[in-house]
Structure formats: structure tokens, C-alpha cells
Amino acid sequence: MIATLVLGFALSIRAQQPPAGARGATPAAPPLDTAAVERGRLFFAQVCSFCHGIDARGGAEGGSDLTLSPIVVTDPGGRQLGEFLQVGRPEKKMPAFPLPPAQLSDVAMFLRAAVAAGDRGPAAVVVGDARAGEAFFTGAGRCATCHSITGDLKGIGLKYSTATLQGRLVLPRGTGGYPGRGSEIPPFRSVTVTLPSGERHTGTLLSVSIFSVTLQDAAGARRTFTRDENVPTVEITDPLQAHLDLMTTMADKVMHDLTAYLVTLR
Amino acid sequence: MIRRSLAIVTIVAILTAAGLAQSGTGDSWPTYHGDHSGRHYSSLKQVTVANVKNLSLAWVFRTTGSSQGGRAAPAPAIKAMPLMVNGVLYLSTPNQVFAVDARTGEQIWHYAWPGHGAIGNRGVGMFGNWLYVATPDNNIVSLDARTGKERWSKKMVSVEAVNFSSSAPVVIGNHVIVGIGGDGGGSQSFLESLDPETGASQWKWLTTPGKGEPGIETWPSAEVAARSAGAPWLPPTYDPALNLIYVTTGQPTPTYNGKGREGDNLYTCSVVALNPDTGKMAWYYQFSPHDTHDWDATQVPVLIDGTIDGQPRKLLAQANRNGYYFLLDRTNGKNLLVKQFAASNSYLGIDNGRLIPNPAKEGSPGGTLVFPDSDGAANYPSPSFSPDTGLFYVNATDAASIFYLAKDPTHPTGFGRDSEWHLGLFNSRLMALDYRTGQVRWQQKYPETAGFWSSTHPGVLTTAGGLLFSGDPSGNFIAFDAATGKPLWHARLGGTTISNSPQTFVLDGRQYVVVAAGDSLFGFALQ
């Protein structure tokens, strides 16, 4: 379990790093043009705001806060934004929006205004009691059964934002957006398929439905079995089952206390 | 041709008026819900439990030019319920309308409105030879169904005021009824009735009350109410005998932050009964008082002519995004049942048919763990009620999120800085509920590790052939035995989940079952 947890955290860290090219010298910013800001605002409201919010600070539907985006913040002229919009980020459900130069310039101008207008409140505030969190960690929560503050959780408080830490302590799978459809998100589940003959196949679960199951066995081979009325039998083991069991009844105070404790692990 | 189409519309109206219990959708599919009851039940029975194993692909129609984008579908997806009238399917995606030969899947014409992509489009409405469609920039466009040529367009409200109109117009008598408003816009939404010939306004119903009007006492002020959304973006259902349309409304805004809008916030997250001739409200019922979790009530209000305690009753049933199943008397809006069907932890209880929200489960700067997440236990795709089985069928999911509010926001609007950490989607399933009690009769649980969410929630169709058509999270299109839940037939439609609700009709004596998955529409019939 520890190994799979670490894998999950590592993926999350990678996902949070700014894209290549986002850092470097800041280009000189053109003066703020209110007419362009207004044109950009109208365009943004119509095309972008569903995900990114009317003020570009992130929407409920998982779009990121663009006023915190390195692409936006370090690139007031819109060049990086234009390059980014050529391809989007399909893996995060951000489609490509190739824009003509004039429109791009308007949107960049609007985003610059949005950055300037933003108040920078933290996304999550530590409100819990670290001592109570520690007591839960070592006691009733039985977290120490799998985790160690000198092992897998060493320095965890420095690795994540508070919101990320809190989200992943409840369920260390995913990055807070919508989970991908059908395909597995690490840490992976394991599966055992037992054929009517008694022959068993065990491996990493790749996908499962009521009609089929696909696994990758220890040799790296991909095996798919069709299913009919639960034949062959399929047993799935989730390394995060203890988290799933806990989250269904977890009180907000317990969650806050654990977060308050984990942020102290530096 | 005009006369013939009008005659068909009239026949459908008469059949519907004759009694919901006896009818079902017939040979055609002339309006969003198939008929006005919202039951997604068809009286067709050429395809049955016994022969569905011989169901085969007849054609595929792939849409082109869809400019959909944003949260729900970076890839184009048909979310619309196509109409099928006189052998022609009429379907839409944002800014696009297609006419397709329902026998062959061949495109007849394609209409494009110049505009940008958006969340989705639910479909077109039809009156005689005229079609009506809403555009993301809040126009209603009327087309000639024979040619796809534009007759007129009408700007309903500015893009700046309201975003992303997506509802399908519904034609009741000589009223083209359209819901205008998107989501989280911090503005006023409304339902408007238009003249089918000219587009002239007949009446307009605002989803939130004005100064001095009933319901304004559930808001701090008329100013707050006027910018608080409640978008009616799902086509209404209709009872011709009572002459009432049943309109469901969206969430109030700011969506997550309720501190500036104390009170129940009528008529958001509600069903309202309106007279389609005047727009006057007969009654309302609010599913989620003072919602702070984006649990809009734009799930289908299903009209059931049923029996409770031996008495025939005119009922309205809804499986709500908030995780509860509701049963109302649709003559007066009186609540008869509130029954939980999915994981929920944010209500203190039920008081006289009203859910009591738990203030401690609103989002907070420290984060609040809430079941379900904002996508909800169910969503807009159609559930189904079969009068043959007496069961109400809905695809449901358990999900959780940590809801955050920005610390001390000064002027929260829209979704503001408030946000949500999605923990996952668990235990997606097809549920069969006793419509009277909400008790689970059977359910098909899906083992997929990521389940349904709003854009991947398949709709449900039941038929007099004893079948239930729907889909799973892996993208299989499945026929079940509606009585037992046993899967009888399935086909995987290309790596995307079912993206609308299945429908059925008859042409030349052959029953077709049609469903959308992603950018394509699939027609099936018996081999």
C-alpha cells in the first residue's frame, strides 16, 4: 500500500508543475486598454467562463483559476497563451481554441485585468486541531497501520497545498477534478479472475464492466475476459479500501484535524 | 405537408389528453420527451424481451462541425433528444441543426448558426413545418424543417446577462415555450412563450420573484433575487387535462456561497406548475431549499397516473440531483413522499415534506465533505416510468466532494472563488424504484471504477416490449429486462458513454431504437 500511495503522490506532483516555457523573462506588458478588456471579457464570458468562471478564477466544473496560471501571469502579452490555445490540454478536458491574433490579444488583456483585480485568498484554510489530528492518526483512525510520518509521509506538509493535502488524505486518488471515465486512476486496484475450470488470473485491474474485465499480469501481458452473469468470477482489491470506508462516515472535524496535523510534517 | 404535420401534432395531443396511463410514445417522436408526460415509455412492442438478442445496427450518423467545448464535452457530444416526424430525424448540437433520414441515417440538410461552443444543446421543438432551436448566445432560431432555411431569429437576452441557453423548445398548442438561462451567471433567468409563426412574445415567467411578489420573502432583497439565476434549462412536461406545464429550475447564485442570499431562495431548485396560455403559476414545490451545492432541480418531472392507497392519483415524480426521490400530487403540488435513493449527508431531516438543509454542510474556508458532489446523485438525462412494471428507473451515483468557500469574500458572484475538490464517483447503478414508496425493487450496480457524472449519465427508455434501454459507464448500450434488471443485449458504441436518452419509433412497420454516443447517432432494428 505504501508503494502505491507514493506512486499516486508522485503523479500528482508532476501534474501540478507549470508547463515548460511558462518560466523565464517576463515580456514587457502593453498598456491596459479598457475597450480591449471589455471585448475580451465578453468573449471570455461566452466561451471560457463555464469552466474557468466569469472572473477567470476557476469554475465549479474543474476549470483552473487562470489568475494563478503561470501561462497567464508570466505572459501579459498573450504569446504563451496563444501557443497553449493551439493545442489545449486534452488530457485535462481543455480543448484547443486557436484564436485570431486580435481576439487573442483581447482575451489576454482581459486576463491581465482579472489578475490585477484578484484577491489572493487561500483555497483552503487550516482550521483543525493538529494534536487531535495526531491522536486520530495514531489511534482511532488506524492511519499508522499503513503510513509512517518518517517514511511515506515524511515532509508531506511541504509537498502540497492545503487543499491538495486535505483532498488526498480523504482519498489519495485523482487531483480533485472529475475522475476519468472507465479507465483506472492510480493507485491501481488488483484483480483475480477465476474461470469455470478453476484457472485463476491475477494482475493489475485495467478496466471492468458487467460484460468484461481486463488486467495486466505480472509478466506485463494484457488479458481480457468477457463476463456473463458473473462468470468468470471477478474479485477486485482496492489498496485504498480503508480510505473509502473512512470517507463515507468521516466528520469534517476529523478531516480538518488530520489536515492540521499533516501540514506540520515538514 | 403543413396540414399533414399539423394533423400528426393534433393526434399526439389528443392521445396524450386521452390519459397518460394508456398511452406512451407512438410511431413518431414529435417532442423532446417523446410525449408530454416525461415518462420515456413507448407503447411499441415489436422488439421484445424474447427477440432483442437479434437487435442489429441499421445505420450510424456522425455529426460534423460541432463547436462544443467547455466543461462537459471537450469532444463533441450529442446531448439532444432528436425529434422524428414523417421519417426525418431533427437533432442539434450547440449552434448546429441536422435533418437526417431516419430510415438510412443519411443527412438531408445541415444548418449552422455562427457562434461559439458551449455546454450542450438539448434539442429542437417543432410546430407543423417549423423548427425552433436555442443558441448558446441566447437566440431562438426558427427553421423550415423541409429545407433547413432560417425563417427568423430572435435575441432573447444579451450574452452578457445570461450565458449558454441550451434548452429544447417545447410546443404546447400554439405556444413555443423556451427556457432561457445557463448556469452560474449571476443574472435572472426566465421561461418565455413565443408565437410559433412570428416569434412574438406571448408571456414571460421570471424564475425569481420581484418586489412585492409572493416568494420575495425568501430573499434578502429583490435586487439579490434578480441576479440569482434559477435557470429553467430542461424542457417542461405537460398535463393537457389540467392544462399545466411542469417547469424545473436551476440553482441560485452565487452557487456555493449562500451567505448573501439568506432564505429559501424561491423559485430556484423547484418545480413550478404554470398555465401554458398565460404563464401564471398554479403552485410550486422546492426540492432543495437554499441550495449551496449546485443541486439544480433540472431533472425530468415525470407525470404518472397512479394509485395511492387504492385511490387514482395524478402524480409527479422526480429523482433529484440532491439524492432524494420526490412524489407530488401534480394537481396542487402537495408533497406525498421524500425518500433518499443515494448517499447524502447534508440534510438534517424532513419537515412536513420539506428537506431541512444542514448549515454546517455548506462549503467553508476549511473545506466541507459533502455527499453527493455538485454533479449530484442524478442529473438531467431522462429517467423512465413504465406503467407495465410500475417502476421508476433512474441512473444514479454516489459521489463526494470537499466544498470550499473563499475566505471572507466581499462580493461573491457566480461560482466566484469558491471551489470543489472532487473525491470520486462511486457505486454508479441503474435503479428500479417503486414509484409509490421509492423502495428499491432491483438495481444493476456497475463495477467501473469511475462512474456516471453529469455528462456521462445515460438516459433511460422503457417499452411495452418489456425492455429497458440505457447505458453503463464503459459506453455499452444495453437492453435490460425491465421487470428483473437482467441484461439481455449490449453493444459498445465506440469509447464514449451514451450521451442522450434512447428513443424509439416505427417506420414502414419496423421499430427503430436510436441513441447517441459522442458525436454520432446510432440506429438499431431487428435483423
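**Exercise 1. One helix and its partner**

Task: Find which residues of helix α7 (residues 130-138) of chain A are buried, and work out how they are arranged.

Solution.
Step 1. In this predicted model, the buried residues of α7(A) are G133(A), F136(A) and F137(A).
Step 2. Look down the axis of α7(A). The buried residues fall within an arc of 100°, so they line one face of the helix.
Step 3. Recall the helix rule. An α-helix has 3.6 residues a turn, so residues three or four places apart point the same way.
Step 4. Look for the cover. It includes α11 (252-262) of chain A.

**Exercise 2. The crossing**

Task: Determine how the axes of α7(A) and α11(A) cross, and list the residues in contact.

Solution.
Step 1. The two axes come within 7 Å. They cross at roughly 100°.
Step 2. Angles of 65 to 115 degrees count as roughly perpendicular. α7(A) and α11(A) are therefore roughly perpendicular to each other.
Step 3. From α7(A), the contact uses A130(A), A132(A), G133(A), E134(A), F136(A) and F137(A). From α11(A), it uses V254(A), D257(A), L258(A), A260(A) and Y261(A).
Step 4. Sort the contact by class. It has 8 nonpolar, 1 polar and 2 charged residues.

**Exercise 3. Cis peptide bonds**

Task: Locate the cis bonds that lead into P232(A) and P254(B).

Solution.
Step 1. In chain A, the bond from V231(A) to P232(A) is cis. Its omega is near -5°.
Step 2. P232(A) sits in the loop between β4 (222-226) and β5 (233-237) of chain A.
Step 3. In chain B, the bond from T253(B) to P254(B) is cis, with omega near 0°.
Step 4. P254(B) belongs to the loop between β16 (244-248) and β17 (270-274) of chain B.

**Exercise 4. Positive phi**

Task: Decide whether N265(B) is buried or exposed, then do so for D309(B).

Solution.
Step 1. N265(B) is not a glycine, yet its phi is positive, about 65°. The residue lies in the loop between β16 and β17 of chain B.
Step 2. Count the neighbours of N265(B): 29 other C-beta atoms lie within 10 Å. The cut-off for buried is 20 or more. N265(B) is therefore buried.
Step 3. D309(B), also a residue other than glycine, has a positive phi near 50°. Its loop runs between β19 (302-308) and β20 (311-319) of chain B.
Step 4. D309(B) has 6 other C-beta atoms within 10 Å. The cut-off for exposed is 12 or fewer. D309(B) is therefore exposed.

**Exercise 5. The two chains**

Task: Describe the make-up of chain A and of chain B.

Solution.
Step 1. Chain A has 11 helices and 5 strands. Chain B has 2 helices and 36 strands.
Step 2. Of the 266 residues in chain A, 38% are buried. For the 527 residues of chain B, the share is 63%.
Step 3. Take the contacts with a separation of 6 or more. Residues 24 or more positions apart account for 62% of them in chain A and 61% in chain B.

**Exercise 6. Confidence**

Task: Identify where pLDDT is under 50 in chain B and below 50 in chain A.

Solution.
Step 1. The model scores ipTM 0.90 and pTM 0.83.
Step 2. Chain B has a mean pLDDT of 89, with 88% of its residues at 70 or more. Its stretches under 50 include residues 1-22 and residues 67-74.
Step 3. Chain A averages 80, and 79% of its residues score at least 70. Over residues 1-27 of chain A, pLDDT is below 50.
Step 4. Rank the elements of chain A by mean pLDDT. Helix α1 (residues 2-16) is lowest at 31, and strand β1 (residues 190-194) is highest at 98.

Key:
Residues numbered from 1 in each chain as written. Chains lettered and ligands numbered in written order. Predicted model: local features only at pLDDT ≥ 70, side-chain atom pairs only at ≥ 80, totals over all residues. Helix = DSSP H or I, 4+ residues; strand = E, 2+ residues; numbered from the N terminus. Contact = placed C-beta atoms within 7 Å. pLDDT = per-residue confidence, 0-100. Arc of directions from axis to C-beta. Axes fitted to C-alpha atoms, helices over the stretch in contact; angles between N-to-C directions. Parallel < 35°, antiparallel > 145°, perpendicular 65-115°, else oblique. Nonpolar A, V, L, I, M, F, W, Y, C, P; charged D, E, K, R; others polar.
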